[in-house]
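Please look over the structure shown here before reading on; the paragraphs that follow take up a pocket, the nonpolar cores and the cysteines in turn.

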Amino acid sequence: MRRRSHKAPERLYAVSVDAVAAEGKCIVRTEDGVIFVDNPTGGPGVAPGDVVDLRVTNRKKQYREAVAEHIHELSPVRTEPFCEHFGTCGGCKWQHIRYDEQLRFKHQQVVDHLTRIGKVPLPDIRAILAAHPTQYYRNKLEFTCAEGRWLTQAEVGTTETIDPRAVGFHVPGRFDKVLPIRHCYLQPDPSNAIRLAVANYAFENELSLYNLKVHTGFLRTLIIRTAESSGQLMVTVQVAQDKPETLAGLLNFLQTTFPQITSLNYIINTKKNDSYQDQEVINWSGKPYIEERMDAGSGLGGESQTLTFRVGPKSFYQTNAQQAFTLYKVARDWARLTGKERVYDLYTGTGTIALFVARMAQHVVGVEYVEASVADARVNAQVNGITNTTFVAGDMRDILTDGFFDQHGRPDVVITDPPRAGMDEAVTRQLLKAAPERIVYVSCNTATQARDLGILDEGYRVADVQPVDMFPHTHHVENIALLVKK
């Protein structure tokens, strides 16, 4: 029988935190190598410049992982977190770091990834474009309704009976534990009021919430979408059981309490997971969509246009609409369109970038894997009276062939905005064969973007780089790279 090791964990005392690393972790450099420091649930958060005691939790060949157990000295880059749930809910992990320092760290992350992974010649990387505002900037949040409430340290020690149900966010690393949220600073009103009202209604009317371990219970998720540009509001309730009277009571309550809801929907999902892209969404009241509006600026003829995007319960739309506008403007400017170009918009989603640039191009071809998104893109083109776009659904690796280029014309400009995994190498190789004059590469993961730039270096040079902060108080950063044919 193999004996368990009872060796005491390695500890380091009064060490300085040097910098931030991938996924929002921090770095401590020692004579024995690098240590990546994570923030334990309920902890105060670690920032570069802190002096801390560490407990090593994992040892790898090239690095160690640790958590901070005590902070001796606080870094000057710190600030007071604004949310009472900081450190527990897992969102907004950089609240304790001043926003100007967050931007500096994100800019450095872009520099490090493009330099160390891409290893291609780079121009001076522009200053990151800050987000405004830095609170209440999201237009979509999804709350979990569960029987499996996370207890804080204070609640663990109390003798009072605590309701095991919660409506809120998953605690990091615990699929079965949900932290009840009293106030969230991510989404504007009436998001908080709706969430609290649903929780109170469920508790007062003895609605069972979903048990994530044994898969029983009724109420599963609450999805709230707001559109500041139009004032429209969508609420979608997901339940696990077909109980018409119980569901009707909840939906009628929402409709009466919040008459500003313009789209009220529900999903009956009996699967063992909450994903609903494969589920039917039923519209209870109002329209089955809300509308986001975006000023597209002046076209080649000088005329201005406001684009309208229909956003359904399953639609993808940038969750920070104001910064999305900033992102799209940079991408369009760098495409340098004169009205004669054939543009390919890869990973087009619901066609937002394609439609944003369409009036400046001869024709835009949008390619997207998700068929429902392509259907949304076609509707959005029709709604806006845009006729010079073609949207195609399918796997990018299979679609971008010589035959596809022969059918739709070879691109003069390519705008690509892939998921975090970046572009498949086969897609990257096809772009080299297609040889457009310019490629505008929009990325939410600069590590995979850098990898792809390394491949594209065979035929393109990086002419410009613009980081954009889409998600304040998190480690995430968007980046735009302009590639010009050598």
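Which element gives the largest share of the lining of the second largest pocket? In this predicted model, that share comes from helix 3, which supplies five residues. Helix 3 spans 191-204, and the other elements that give two or more residues to this lining are helix 2 (153-156), strand 8 (165-170) and strand 9 (178-180). The pocket holds about 550 Å³ of space, and of the 26 residues lining it, H85, R149, E155, L179 and P180 are the closest to its centre. By character, the lining residues divide into twelve nonpolar, seven polar and seven charged.

Turning to the interior, the largest nonpolar core has 79 residues, and I194, L219, L222, V237 and L254 are those with the most contacts inside it. Helix 5 (residues 321-335) contributes the largest share of this core, with seven residues. Leaving aside neighbours within four places in sequence, L222 is in contact with residues including L141, F143, C145, I194, V198, V235 and V237, as well as with E142, R195 and T236. Apart from this core lies another, of 37 residues, among them V365, I399, L400 and I455.

The cysteines form zero disulfides in this structure. For C92, the nearest cysteine sulfur belongs to C184 and is 6.4 Å away, and C92 itself is buried, with a relative accessible area of 12%. C444 is likewise in no disulfide, the nearest cysteine sulfur being that of C92, 18 Å away, and C444 is partly exposed, with a relative accessible area of 22%.

Definitions and conventions
Residues numbered from 1 in each chain as written. Predicted model: local features only at pLDDT ≥ 70, side-chain atom pairs only at ≥ 80, totals over all residues. Heavy atoms only, no water. Core = buried A, V, L, I, M, F, W, Y, C linked by side-chain atoms within 4.5 Å. Buried < 20%, exposed > 50% of the residue type's maximum accessible area, 1.4 Å probe, protein only. Helix = DSSP H or I, 4+ residues; strand = E, 2+ residues; numbered from the N terminus. Contact = heavy atoms within 4.5 Å. Disulfide = S-S within 2.5 Å. 1 Å grid on protein atoms, 1.4 Å probe; cavity = no way out; pocket = protein on both sides within 12 Å on 5 of 7 lines; lining within 4 Å. Points joined across faces, edges and corners; volume = space filled by probe spheres on them. Nonpolar A, V, L, I, M, F, W, Y, C, P; charged D, E, K, R; others polar.
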